Every structure is written in C-alpha cells, then in structure tokens.
Amino acid sequence: MPERQFITGVPGVLVQDIVRGNSLEIRGIAEIQSDTACPDCGSQRFRVKSTQERTFKHGLWGQRLVLLKIKIPKLFCKQCGRYFVYRVPGILPKKRSTEQFRQEVFHLHQGGLTQNRLSQSHAISGSTVERWYHDFVAYRVKELEGRQCPLVMGIDEHFFSRKDGYATTLVDLKNHKVFDVVLGRSEESLKAYLKRLKGRDRVQVVVMDMSETYRNIIRKYFPNAMIVADRFHGVRLLNHHFLKVWGTLDPDGRKNRGLLSLLRRHECNLKPEQVPKLQNYFDHVAGLEPLYRFKQDLMQLLLKKKQKRVEAKNLIPQLLWHLNELLESPWEPLKTLGQTLKSWLEPIVRMGRFSKNNGITEGFHTKMEMISRRAYGFKNFKNYRLRVIALCGWDGVFAIRN
Ligand SMILES: [Zn+2]
C-alpha cells in the first residue's frame, strides 16, 4: 500500500489534503481500481461522467473524529448505456461511514463501552450503535451457519425465560466455544433443528448429565457418538442422595450448615482440624460413618479421569459392587441412585477415560446468565442466540468487508 493510502486504510483513495478543524478531515479522490465493472452487464468499458463529493465517518484520531471527504466518480457504461456510481472498496453501498469505522464501533461496544459513551465519542446515535452491532453479529452468525458439528460436544439445558421455558446448549468442548443454543429441551422441540445440522455423524463424544431425554436424542441423531456421563453431575447426584439419607438419620444435624459443609466435602479437602470434628459427630449418630465411608469410596471411583483402557476395565467390578450395595440398601434414596447409576454404567465408566466434562458448559451458562442480565432479559430468543454466539461462540475477530 503506498504511503498516501496507508493513512486512510481505504484502498484506492488518493489523499490530497488534510484539514484540521473540530474534526480531522482527510480529503481525497477515489482512484478507479482495475477490476471495476458495470454492476449491470459486467463490462469494463466505461467513461467518467462526473464526480461527486461525499463525506464518510472514518475513525478517531485521539479524541477527534476523522472524516473522509472523497470525490467519487460517476461512470457511464459504454456497453449498456447505464450510469453507475463507483463503489469505493471498504465502504458498503448507501453507508455514510467506512467499514473500518463501523467495525471500530462494534469492537468497542463488544468490549463493554456503552451506547451512550460511543454516541458521544463517535458522533452517532445510540440506536445506530445497537443496529451496527446487531448487523455484524448477524453477519458473522450467518457465516458460521454452515459449519460442521464439533467432534467433542457437551449438551445441557438452561433456563431462558418464564414464557419460553428452557433452552438447550451445545458446546464445542475441544475449543471451549458455544456451538449453538436452541429453544426447548424435548425431542419434539429440537428435532427440526437437529435434522438439518451438518456433520452429525462425525460427532465422536457427547458429554451430558444423566438425563434420559438427551440420551435418547443423542442415540437417534448422533449415531456415531459415544455418550459420556458428566462428572460434575455424577458427583452432585451422589451427594444429593447421600444427604437425603443423612436427613432421615439425623434431621437436626442435617440442618446444621457447618456439618453440611463437612459432610459434603471431598475427604481430601478436609482441613486437619476438621477431621476430629467429623469423627466426633460420627460417634453421636449411629450408622452414619459406614454410609459416609461408602460414599467416599464411590466418589473416588467417580473422580477418576484420564484412565487407560485397562485401568478403566478394572473400574467396572468395583463400580458393580457399589451398585449392588446401593440396590440392596434399605434406604429409598440410595436405591434410586443405584438404579440411575446402573442404567448409566457404561457412560460412567467412559467418564473415567476422559478428562473433559460439562464444567465448561456450566461455565458458559453462568456467562449466558450475565449476558441476559446485562440486557435486562431477552424477549426474543433469536436475539439472545445471536448475542450468545457472538460472545461465547467465536473470538470476535473478522476481516473487513469490501
Ligand atoms: Zn453496463
């Protein structure tokens, strides 16, 4: 790029003068590029009929607004006899600012500058900021539309709104990106979307919590995917049922927040001074200690990750023993837990082979909640989806459109 063009960053604008006033005005002429053709017939035979001067917002120089005042030729096509205005690369038709300017506003808004601030610094209205932001995001999401499903996928539900209920999140666990969000969590509401998803059969691993609906969906629509149980969810489930039994053994102790914290904790996270406290409590409640030991044992099994094939195989008999104990237990919550774990045995064993879990998905849910809150809630799921993909789905960088 020659020096004179380098100043503006717009190809083919020959800078003639720079005028300093309230704003910095760069004046120049648009030089017709060699690949220019008539938009109607595509002919490259034309002559200049006249020139018109137009002003575009272009950026900020310090605090000052930079304007581009360009003489743009109007051309006459010798082939079809039509007139057309030469289109300067980097400025889209009918726009009064350069793409560079619009993208600057987009990035600043994405980075957290409010519409109000931007409308002061960039001399545009707040609604223009909103419109441009929306334009860019929609453009990018449209570009992403044709992409293939991720190889390692996480699936989970999250709450969207009281009117529309729950939505399903699909996460690319390998690249730590949200792949998509879809309204609904039943097969009925997801099937239209899933049917037109590209590259369903290339999905290798799907991580999910132990939900029967999602399992059926994955089996049906992702035929080659291995289902892996989510460790986070497994641990939570085990704790939940264990605490229920504790509640029947010692209802008063269950309400004590200090004890709750002790009993819920992984054994390895207990501080030295907490161990005798726990032992002391066990001495007072009959039958709790063996239950606790059993839970810790099972927990250790669930927490294993990155196991080799043989190691994972060795896990199976241990898990089965625990399952039998659960199923034969006199307590109802433990029986339920046993049944759930039994029907999910294979995904749980697989879980030990992997390190990925849906913690990433849960993290995105927190982020999505923040997005929703910052916008004071979304009424329209489409807009919500655009925002989520814009902020969690890609790194926010794309080339300037010409
Ligand atoms: Zn023509």
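Colleague: What spacing do the donors of the zinc ion follow along the chain?
Modeller: Keep in mind that this is a predicted model. The protein donors are the SG atoms of Cys 38, Cys 41, Cys 77 and Cys 80, lying 2.3 Å from the zinc ion. Read along the chain, the donors give the spacing C-x2-C-x35-C-x2-C.

Colleague: Okay, and how far apart in the chain are Cys 41 and Cys 80?
Modeller: Cys 41 sits in the loop between strand E2 (24–30) and strand E3 (46–61). Cys 80 is in the loop between strand E4 (64–77) and strand E5 (83–85). So the pair links distant parts of the chain, 39 residues apart.

Colleague: Which arrangement do the four donor atoms make around the zinc ion?
Modeller: Look at the angles they subtend: 103 to 114°. To count as tetrahedral, all angles must lie between 85 and 135 degrees. These angles fit, which makes the arrangement tetrahedral.

Colleague: Is Cys 41 buried or partly exposed?
Modeller: Buried would need under 20% relative accessible area, and exposed over 50%. Cys 41 comes in at 35%, so that makes Cys 41 partly exposed.

Colleague: Moving on, where does the largest nonpolar core lie?
Modeller: That core has 78 residues, and eight of them, the largest share, come from helix H11 (residues 288–303). Both domain 3 and domain 4 give residues to this core. Therefore the core lies between domain 3 (152–229 + 358–392) and domain 4 (231–353).

Colleague: Which residues have the most contacts inside that core?
Modeller: One of them touches Met 210, Ala 229, Leu 302, Leu 319 and Leu 341, leaving out residues up to four places away in sequence: that's Ile 348. The residues with the most contacts inside the core are Phe 222 and Ile 348.

How values were computed: Residues are numbered from 1 along each chain as its sequence is written. This is a predicted model: local features need pLDDT of at least 70, side-chain atom pairs count only at pLDDT 80 or more; totals for chains, interfaces and linings use all residues. Side-chain values use heavy atoms; hydrogens and water are left out. Donors are N, O and S atoms within 2.8 Å of the metal (3.2 Å for Na, K and Ca); water is not among the atoms, so sites may look incomplete. Four donors count as tetrahedral if all angles lie between 85 and 135 degrees; four count as square planar and six as octahedral if opposite donors are over 155 degrees apart and all others between 65 and 115; anything else is irregular. Helices (H or I, at least four residues) and strands (E, at least two) are DSSP runs, numbered from the N terminus. Buried means under 20% relative accessible area, exposed over 50%, partly exposed in between (1.4 Å probe, protein chains only). A nonpolar core is a set of buried Ala, Val, Leu, Ile, Met, Phe, Trp, Tyr and Cys residues joined through side-chain atoms within 4.5 Å. Domain bounds come from an automatic or database domain assignment. Contact means heavy atoms within 4.5 Å.
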